[in-house]
Amino acid sequence: MASGDVNARLLKAEAERLGFLACGIAKAEFLEREAPRLEQWLRQGKHGRMGYMANHFDLRLDPRRLLPGARSVISLAYNYHTDGVQEDPEAPKVSTYAFGRDYHKVIKKRLEPLMDFIQERFGDVAMRSFVDSAPVLEKAWAERAGIGWRGKHTNVIRQGQGSYFFLCEIIVDLELEPDAPATDHCGTCRRCIEACPTDAITPYGVDGSRCISYLTIELKESIPEEFAGKMENWAFGCDICQQVCPWNRFSTLHTEPEFDPRPELLALTKDEWYGMTEVLFDRLFEGSAVKRTKYEGLQRNVRFLGR
Ligand code: SF4
Ligand code: SF4
């Protein structure tokens, strides 16, 4: 049987061949450094009403609780960067990651051949995959696996490639040579902190209860009055802190056909947004991550922008 080093190289080559932007490996162990941070973040209520963030506390910190006998965490990045833009500059905005098909489904599908490869190449390997899944602290794993560092806005940034990518993980009971953790290259930059319209960046932390992404996607109740006039026209998610990040000058366009923006979405005018019927919502966002808010949620967001 090949060594962990050779296996890691084979795996990374296959991940690249399958279209992943990056693949790194970390040892499956207790996330010592993250434990107190996560506890404090939850204690301070920075998860807002995202109750699920408080669940699975132990599971999140130790991958061996998710997969008995786990030896390695494979962290993968999948590019979603697009040059598509919404045509009407006054139209309520959607985060670019949601322009195409729901990434959960797309990435799950893209992970399958990589998992098949692991099975065929390395024998009977027990594994579990996760795509933006609550029990896994994916940013911490990406950092440990050398994918990139957590910027002051907390998104993972990859040197020379920016931050417009999704993260996913495969936990395996296979020993693979771990990568060196990524190092921080934010330096003295404060652009994201200064550009955030709701002062949500702490830094190296985001107050979830103030972030527009949370307010427009996760929050089920009314958007608090204090954010009126501060939403910068975002109706689903917010890209501001990534747009201003100098590292995103290096982002390359994705090659995933399922992430291609829907032309009808890009062409939607401000008036069409404000007059959107449920029928149009269903058609426009069929199979899209925007469906998460449901029609009523998106309507709430748009109405809040219009006040
Ligand atoms: S996504 Fe928007 S609101 Fe949230 S931290 Fe970034 S700039 Fe601020
Ligand atoms: S904008 Fe500057 S401070 Fe913020 S994440 Fe990017 S490099 Fe770091």
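**Cores, helices and domains of a predicted model**

Student: Which residues does I170 touch, not counting residues up to four places away in sequence?
Tutor: The model is a predicted one. With residues up to four places away in sequence set aside, the residues that I170 touches include L111, L114, M115 and I118. The rest of its contacts are S72, V73, I74, L76, M127, R128 and S129.

Student: Which residues have the most contacts inside the largest nonpolar core?
Tutor: The largest nonpolar core numbers 65 residues. Those with the most contacts inside this core are I74, L76, I170 and W273.

Student: Which helix gives the most to this core?
Tutor: The core in question is the largest nonpolar one, with 65 residues. Nine of its residues come from one helix, spanning residues 103-122, and this is the greatest contribution. The helix is α5.

Student: From which domains does this core draw at least three residues each?
Tutor: The domain assignment divides the chain into two domains, each made of two segments. The largest nonpolar core takes at least three residues from each of domain 1 (4-82 + 101-172) and domain 2 (191-251 + 260-305).

Student: How many residues are in the other core, which lies apart from it?
Tutor: Another core lies apart from the largest one. L21, A22, L67 and A142 are among its members. Its count of residues is 26.

Student: How far apart are the C-alpha centres of domain 1 and domain 2?
Tutor: The two domains are in contact, through 29 residues of domain 1 and 30 residues of domain 2. The distance between their C-alpha centres is 25 Å.

Student: What area is buried between domain 1 and domain 2?
Tutor: The contact involves 29 residues of domain 1 and 30 residues of domain 2. Carbon and sulfur atoms give 58% of the buried area. The area itself is about 2,300 Å².

Student: What should the 14 residues of helix α1 span, at 1.5 Å a residue?
Tutor: Helix α1 covers residues 4-17. The expected span is 1.5 Å times one less than the number of residues. The end C-alpha atoms of α1 lie 20 Å apart, which agrees with the expected span of 20 Å.

Student: Which residues of α1 are buried, and which are exposed on the other side?
Tutor: The buried residues of α1 are G4, N7, A8, L11, E14 and A15. Because they cover an arc of only 130° around the axis, they are on the same side of α1. The other side of α1 carries the exposed residues R9, E16 and R17.

Student: Against which elements do the buried residues of α1 pack?
Tutor: The buried set on α1 comprises G4, N7, A8, L11, E14 and A15. These residues pack against β1 (22-27), β2 (72-79) and α5.

Student: Within what arc do the buried residues of α2 fall, seen down the axis?
Tutor: In helix α2 (residues 34-43), the buried residues are E34, A35, L38 and L42. They line one face of the helix, because seen down its axis they fall within an arc of 100°.

Student: Is S75 buried or exposed?
Tutor: S75 lies in strand β2. Among the residues it touches are A22, C23, W141 and A142. Its relative accessibility is 0%, and therefore S75 counts as buried.

Student: With which residues is A195 in contact, leaving aside its neighbours within four places in sequence?
Tutor: A195 is placed in helix α7 (residues 191-195). At 27% relative accessibility, A195 counts as partly exposed. Beyond its neighbours within four places in sequence, the contacts of A195 are I240 and V244.

Note on methods:
Residues numbered from 1 in each chain as written. Chains lettered and ligands numbered in written order. Predicted model: local features only at pLDDT ≥ 70, side-chain atom pairs only at ≥ 80, totals over all residues. Heavy atoms only, no water. Core = buried A, V, L, I, M, F, W, Y, C linked by side-chain atoms within 4.5 Å. Buried < 20%, exposed > 50% of the residue type's maximum accessible area, 1.4 Å probe, protein only. Helix = DSSP H or I, 4+ residues; strand = E, 2+ residues; numbered from the N terminus. Domains from an automatic or database assignment. Contact = heavy atoms within 4.5 Å. Arc of directions from axis to C-beta. Buried area = accessible area lost by both parts, 1.4 Å probe.
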